[in-house]
Each structure stands twice: as structure tokens, then as C-alpha cells.
Amino acid sequence: MSGLLVLIPIALGLGLLGLAMFFWAMRDGQFEDLDGAAQRILIDDEDEEE
Amino acid sequence: MTAPFRQQDLEDSALVDTRLTVPGMRCAGCIAKIERGLAEIEGIDAARVNFSAKRVAVRHSPRLDQGDLVEALRHLGFEAQALAENPLGSNDKESRALLRALAVAGFGMMNIMLLSVSVWSGAGGVTRDLFHWLSAIIALPVVAYSGRTFFASAWMALRYGRTNMDVPISIGVLLATGLSVYETFAGEGHAYFDSAVMLLFFLLAGRALDATMRTKTRAGIGALLSKMGKSARVLGPDGGTSEIKAENLQPGMVMVVASGDALAADGVIEKGRGSLDNSMLTGESDPEPVETGSVVHAGAIALSGPMEVRVTAASSDTVIAEIARLMDEAGQSRSRYTRIADRASRLYAPAVHSLALLAFLGWMLAGAGWYQSLVIAIAVLIITCPCAMGLAVPAAQVVTSGALIKRGLLVKDGSALERLAEVDIAIFDKTGTLTLGEPQADLSPLGEKQRQVALALAQTSRHPLSRSLADALKSEGTRPAQVEDIAEVEGQGLAGTWQGTPVSLGRPDEETTGMASLLRIGPEETIITFADGLRADAKEALAKLAEQGILSRILSGDRQGAVEAVAKALDVPATALAKPQDKLALLEDLRSKGQKVLMVGDGINDGPALAAAHASIAPGTASDVSQQAADAVFTGKALMPVALAISHARRCMAIVRQNFGLAVVYNICAVPLALAAIVTPLIAAIAMSGSSLIVVGNSLRLARVKE
């Protein structure tokens with residue numbers, strides 16, 4: 001029983017943390033361009049300094 | 001990389017942002033090319049591509065204007081248009097709100113399930129009560145937050161004495177929560193928090209998918225909308241020109257119209273001569289030669305110029321505005337269309353609610369106490385809550401719409417798919433719909449040398465004929481010759497020097513019929529003719545429609561001869577010289593005979609017919625009005641997406657009906673358990689998630705279908 005008193009708040013806290021991170025990601029525009037993110041990985045890094 | 005320019009910009013003034021739509025980007029290479037290419041240009045600080053929306057956001061110094069940016073992108077090989085706000089409005093907010101609600105419901109569902117599993121597997125006494133209390137603490141705010149969409153919509157429906165899918169959903173969720181709170185206080189019986197929140201999660205998943213699909217297709221359509229005639233260059237008193245928005249134009253102003261420009265207002269030509277492309281306005285495929293004194297209408301596109309046009313009627317008085325008014329009236333009938341989910345809920349809601357009432361009365365008569373009877377009635381409502389029903393429609397439609405996007409068709413919403421599945425006759429506009437709507441150069445009279453010279457000249461001009469010629473030559477693999485000193489004389493054409501010989505590309509001297517250009521290399525003269533060709537797969541597409549029992553016919557505003565030629569080539573009946581009013585009248589006539597018409601058209605003159613038809617599709621090259629009036633937009637040069645839209649929509653509706661069938665079967669199995677008072681929260685949870693997953697799985701079959 002006393003184990004639950006520690007574990008349940010931890011479980012809930014982690015869940016809330018995930019939720020908060022999702023909210024942040026959405027506000028930050030992380031989901032704005034999902035297709036673009038998939039494409040960008042294919043772009044070769046060029047020397048931008050030229 | 002742009003440090004030196006940035007320094008200079010700071011002295012000039014602050015940087016400004018411009019957003020451009022670039023429909024042509026297709027791959028990672030395009031992203032890199034655009035971002036790096038633009039960043040190298042003096043005055044541009046940074047460019048960021050949004051690939052999903054096919055947009056570029058450019059941060060640049062105010063010394064550059066939109067025209068410079070469009071030109072810069074054209075040099076990189078991309079057609080671009082500066083973007084005003086999306087005229088279709090943004091659904092972004094709605095889908096974001098739904099995603100947030102979904103995330104909260106998901107969080108709540110998982111945590112409550114964690115506690116519920118312990119209760120199901122035998123936790124008793126204080127532990128069980130503690131877990132119920134914890135569940136209640138999580139569930140109440142989650143239901144309040146995530147359920148708002150459903151409660152608000154159900155409340156709206158009830159207030160107007162109607163019912164929709166959200167009414168039984170809301171009642172089910174609220175009763176399940178209410179009963180569970182009571183049981184938690186009482187410290188006995190079952191708590192259904194997990195069912196209530198799981199129900200919200202699955203339903204929100206359906207809604208969020210639906211909203212994402214709409215946002216995605218609308219962004220795609222927004223990217224296609226051209227900036228046709230939204231502004232005009234107006235001649236000032238000092239002889240300079242300034243850019244004025246269409247709605248601010250006043251009668252009496254003088255617009256300067258160059259080749260390629262769309263007219264923003266009706267007017268009379270004051271100075272200059274040229275030819276106008278009226279195909280958007282009337283369906284007429286041949287250009288109309290105009291000169292001083294000719295009356296011109298907004299929506300026409302200048303093929304040659306320059307011309308000065310005195311405005312006689314602006315914004316609300318133009319021919320276009322009259323068509324817009326017709327469209328508003330024509331669109332009324334479509335807004336009365338009831339979607340299949342709402343039709344189903346009209347049968348469903350009264351059925352389950354009376355079933356719950358009967359259960360209550362039955363158990364009362366059988367001698368159970370009112371409390372036990374009430375618990376059983378609520379259990380019936382919870383178990384019949386239309387989880388699978390709520391997913392039946394959106395799941396199938398989202399999958400279908402995704403499959404259609406891959407084939408070049410953007411469907412605006414689910415209602416459009418439902419209506420597309422019902423059509424039984426198709427009416428096509430000719431110019432720009434069955435045909436490509438742009439002049440195609442006939443390259444056969446040109447030799448290799450002439451092709452190279454023609455390309456060198458044509459690629460430097462923005463004239464529609466030059467562009468079409470350059471595109472045709474490039475796609476043939478022609479390389480441009482080394483032509484020097486190329487100069488463009490407005491209204492005359494292009495001239496230059498090639499290996500010491502003067503060369504030119506321009507308007508033919510004599511008035512040839514149709515569209516043509518004259519290529520001169522020294523003394524040699526060649527006439528290049530242009531014609532508006534049929535889409536390559538037009539015949540196959542119409543045949544595929546006929547296969548599905550849909551007969552096609554042509555309804556065009558173009559001349560009799562031009563329409564007949566196309567009608568003969570495609571072997572379908574045709575009507576020529578139809579005005580927007582005539583098109584509308586024919587549609588009304590067909591409707592009164594009980595036929596459901598699919599209208600496919602691109603011109604401004606097709607707008608009212610597109611809005612009035614049972615379902616409508618416009619090509620991506622269509623006028624803004626048509627794209628907004630249409631239910632779906634197809635991109636590319638093929639007509640086949642139109643035929644595919646029908647077959648996919650029908651298959652989608654077949655799956656939707658199967659889904660409803662599955663939901664009904666599920667209820668037939670589950671309801672007796674509820675009536676017999678042997679439903680536990682565990683059974684409810686299994687039944688609900690099981691039926692939802694079956695429905696989603698069935699819908700996913702749509703993605704695997706091949707033509």
C-alpha cells in the first residue's frame with residue numbers, strides 16, 4: 001500500500017510531463033510540416049560558408 | 001552566409017516576411033534548391049520551406065517586392081505566387097483543439113486503465129476505493145475538457161429540436177461518468193470511468209483524423225489558388241504606376257495591362273491593342289483581338305499588350321460579381337444535404353434511448369428496485385454508445401481521401417465524398433477541363449536549329465505563348481542556342497543575334513486565325529501554331545465513368561464548331577454557347593428529373609453550375625471561384641482522377657455501410673448482456689475497444705485497393 005503512494009504519483013507525474021511536452025511541441029509548430037521533415041533528412045549537408 | 005547584406009538591411013529598415021506558394025516542389029532536392037537558392041540572393045535573409053503546404057516563407061529586405069521573389073523562384077525553376085491569406089479559411093485552429101483534446105483523453109484513458117486493470121484483477125477494500133477515487137479525480141477534468149466538442153454540438157442540435165450523433169454520445173458519456181461518481185461516493189458497485197474516457201478518446205481520434213484531412217486538402221487547394229486579377233497596376237497622374245487591390249479600384253482609373261496579366265475590373269481600352277483570353281469567363285477557347293474602344297471584362301487574361309484600360313465598373317458591379325451572386329443562390333441546396341452519420345443517428349438515437357427506457361421499466365415491473373433498474377438502463381446506454389458508429393464514417397473517409405491525394409485529387413471534406421458516391425450523370429465544361437486550357441505549341445514545322453533558337457528566345461519571356469513554347473521544347477530535350485543581345489519589345493516580341501544572324505520570335509504580320517507565333521532566323525520565316533489540346537486520357541476517363549453507369553455530356557460556352565470537334569472526338573452529346581444562366585438552368589432541369597449531377601468545370605462561368613451540382617470537381621488550373629465552389633480539385637494533366645474519385649467514393653461508402661453493419665452486429669451481441677444486468681466495466685471496455693478496432697481495420701482495407 002505504501003509503495004502505491006509513491007508509485008502512483010510518479011506514474012501520473014510522468015504522464016502529465018508527456019502531455020505537457022506534447023502541448024509544447026504543438027505550440028512550437030513541430031507538427032506544421034510533417035512531410036517536409038521526412039524529406040529534409042535526405043538533403044545533403046553542404047558547406048554553407050562557401 | 002548573408003552577413004554583408006544583413007548589415008546593409010539594418011541600415012535600410014527592418015526585414016519583412018513574404019509567403020509564397022510553390023505548387024511545383026516535389027522532393028527533398030526542391031527544398032534544398034529553393035532554400036539555398038533564395039538565401040544566396042542579395043537582400044534575402046532567409047527562406048524556409050513548408051513542404052506539406054507547398055509554401056516558402058521568405059525574410060527579406062523591403063527593397064525587394066513580391067514580383068522580385070516570384071522572378072527569383074522562376075529562375076530556380078519553380079512557378080510561384082505570392083500568398084495573401086488563404087481564402088478558404090483556416091481549419092487549423094479546429095484541428096489543433098481536437099488534437100489537444102485527444103492528447104488529454106489519451107493521457108486520462110491510459111492512467112485510468114492502469115488503475116482499472118488492478119480493480120478488475122481483484123483489488124478490493126480500501127485499495128479499490130482509493131483507485132476509484134483516483135480515477136474520478138483524473139476522469140472528471142478529462143471529460144470536461146475533451147468532451148466539450150461533443151457537448152457543444154449536442155446542445156446546439158437539441159436546442160433546435162434536432163438530434164445528431166453527438167446527442168447519444170454526450171448522454172452516454174455524461175451518464176457513465178455520473179453513475180461512476182455516485183458509485184465512488186457510495187463505495188460499492190462498478191465505476192465506468194475507463195469506458196467514458198475511452199469512448200471520448202476513440203471518438204476524438206475519428207474527429208481529429210477528419211479535421212486533419214480537411215486541413216491538409218484545403219492547404220493543398222489554397223496553394224493552387226492563383227492571384228488572378230486581385231490587383232491592378234494603376235496609372236497615376238504623374239505617369240508612374242502603383243499597385244492597387246481589386247476592391248479599391250474606382251471607375252475612371254486607368255489600369256496598365258501587360259501580357260500575362262488578368263484584368264481586375266471591367267473597362268474600355270484607351271490605348272494599345274492586343275488579344276484577350278476569355279476562356280475563364282465564357283469558355284471561348286480562341287483569343288479575342290481587342291483594340292482601342294473595345295469593352296473588356298474582369299477575369300479575362302491579356303495574351304499580348306501592353307494596353308491601358310479605363311475602369312468602367314469595379315468590384316461589386318463587374319460581370320464576375322454577377323456570377324458570384326448566382327453562385328451564392330445556387331449553393332443553397334447543397335448546404336441542406338444531410339450526411340450519412342446524421343441520417344444514421346436519426347434512426348439510432350431514438351432506438352437506443354427507448355431501449356434504455358424499456359430496460360428501466362421492464363426491471364421495475366420485474367420487481368427490481370428503482371436504483372438497480374436505473375443502473376441497468378445506464379449500462380444499456382453505455383454499451384450502446386456509438387463508439388464504432390462515430391468512427392465508421394471518418395475512418396473510411398480519411399483513408400479514401402488519403403488514397404485520392406496520392407492520385408492527384410484533393411477532396412475538401414467527407415460530405416463531398418458522400419455526394420460524389422451518389423452521382424449518376426457527369427457534365428463537363430470543355431475549355432480547361434476536357435482540354436488542357438493552355439495553348440500547346442505544334443512543334444512539327446521546326447527543325448533542330450530552329451528549335452534551339454526558338455527556345456533561347458522563348459525562355460526569356462513571360463508571354464503565355466513563349467512560356468508554352470519553351471516548356472514544350474524543354475520537355476523534348478532541346479538545348480537553347482547561344483543567342484546574344486536578346487531584347488523584348490512589348491507587343492512585338494523578342495529579338496536577338498545568333499551567330500551574327502538577326503533572329504526574332506513574335507506576332508505574325510498578317511492576322512492568322514487562332515494563336516500563332518512567327519520565328520525568323522535571318523530571312524527564313526516559320527509559323528508556329530498553338531492549339532488547346534484534349535487531355536491525353538480524356539477518352540479513357542469518360543469510358544471509366546460510363547463503366548460505372550455515369551453518362552457524360554459537354555456543356556460549354558465556346559463556339560459550336562470548337563465544341564462539336566471535341567464532342568465528336570470523345571463521342572458524347574454536347575451543348576455549345578451556354579451562358580452561366582443556361583448551365584444553371586440545365587442543372588436545375590436534371591435535378592427536377594431526379595438525377596444527381598456531377599459538374600466538372602474550371603471557368604468563372606462554371607462557378608454557379610459547380611455550386612448547384614450535387615457534387616463538383618475543378619481542375620487545379622481553374623479560376624479561384626471554381627476551386628472554391630467545387631467539392632474536389634484535381635491536379636496535373638490527366639482527367640482520370642475524376643473517374644477515380646467516383647469509384648473511390650463509392651468503395652468508401654460501401655465500407656461505411658459495412659462499418660455500420662459491424663456496429664449493429666456488435667450491439668446485437670452486447671445489448672442482451674446489458675439488459676440481463678451482467679455487464680461489468682471490463683466487458684464494456686473490451687466491447688468498446690474491440691468494435692472500434694474492427695471498424696478501423698475494415699476501413700484500412702480501402703488503402704490497399706488497386707485500380
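This report walks through the fold of chain B and its contact with chain A in a predicted model.

## Chain B as a whole

Let's start with the overall picture. Chain B has 707 residues, and 48% of them count as buried. Its secondary structure comprises 25 helices and 26 strands. Measured out along the principal axes of chain B, the C-alpha trace spans about 105 × 70 × 50 Å.

Sequence-distant residues feature heavily in the contacts: among those in chain B with a separation of 6 or more, 69% are between residues 24 or more positions apart.

## A seven-stranded sheet

One sheet to look for in chain B is open and built from 7 strands, with mixed pairing. Reading across, the order is β14-β26-β25-β24-β15-β22-β23. The edges are taken by β14 (409-411) and β23 (574-575) of chain B; each has a single partner strand, so one side of each lacks a neighbour in the sheet.

Within this sheet, you can zoom in on β25 (residues 615-619) and β26 (residues 632-634) of chain B, which run parallel to each other and are joined over 3 bridges. Here B:A618 sits opposite B:V633 of β26(B).

## Where chain B meets chain A

The contact between the chains draws on 20 residues from chain B and 21 residues from chain A. On the chain B side, at least two residues each come from α2 (28-39), β2 (44-50), α4 (92-120) and α5 (125-146). The largest share belongs to α4(B), with 9 residues.

What is the make-up of this side by class? The side of chain B that touches chain A has 14 nonpolar, 4 polar and 2 charged residues.

Technical notes
Residues numbered from 1 in each chain as written. Chains lettered and ligands numbered in written order. Predicted model: local features only at pLDDT ≥ 70, side-chain atom pairs only at ≥ 80, totals over all residues. Pairing = 2+ DSSP bridges. Helix = DSSP H or I, 4+ residues; strand = E, 2+ residues; numbered from the N terminus. Buried ≥ 20, exposed ≤ 12 C-beta atoms within 10 Å, placed from the backbone. Contact = placed C-beta atoms within 7 Å. Nonpolar A, V, L, I, M, F, W, Y, C, P; charged D, E, K, R; others polar.
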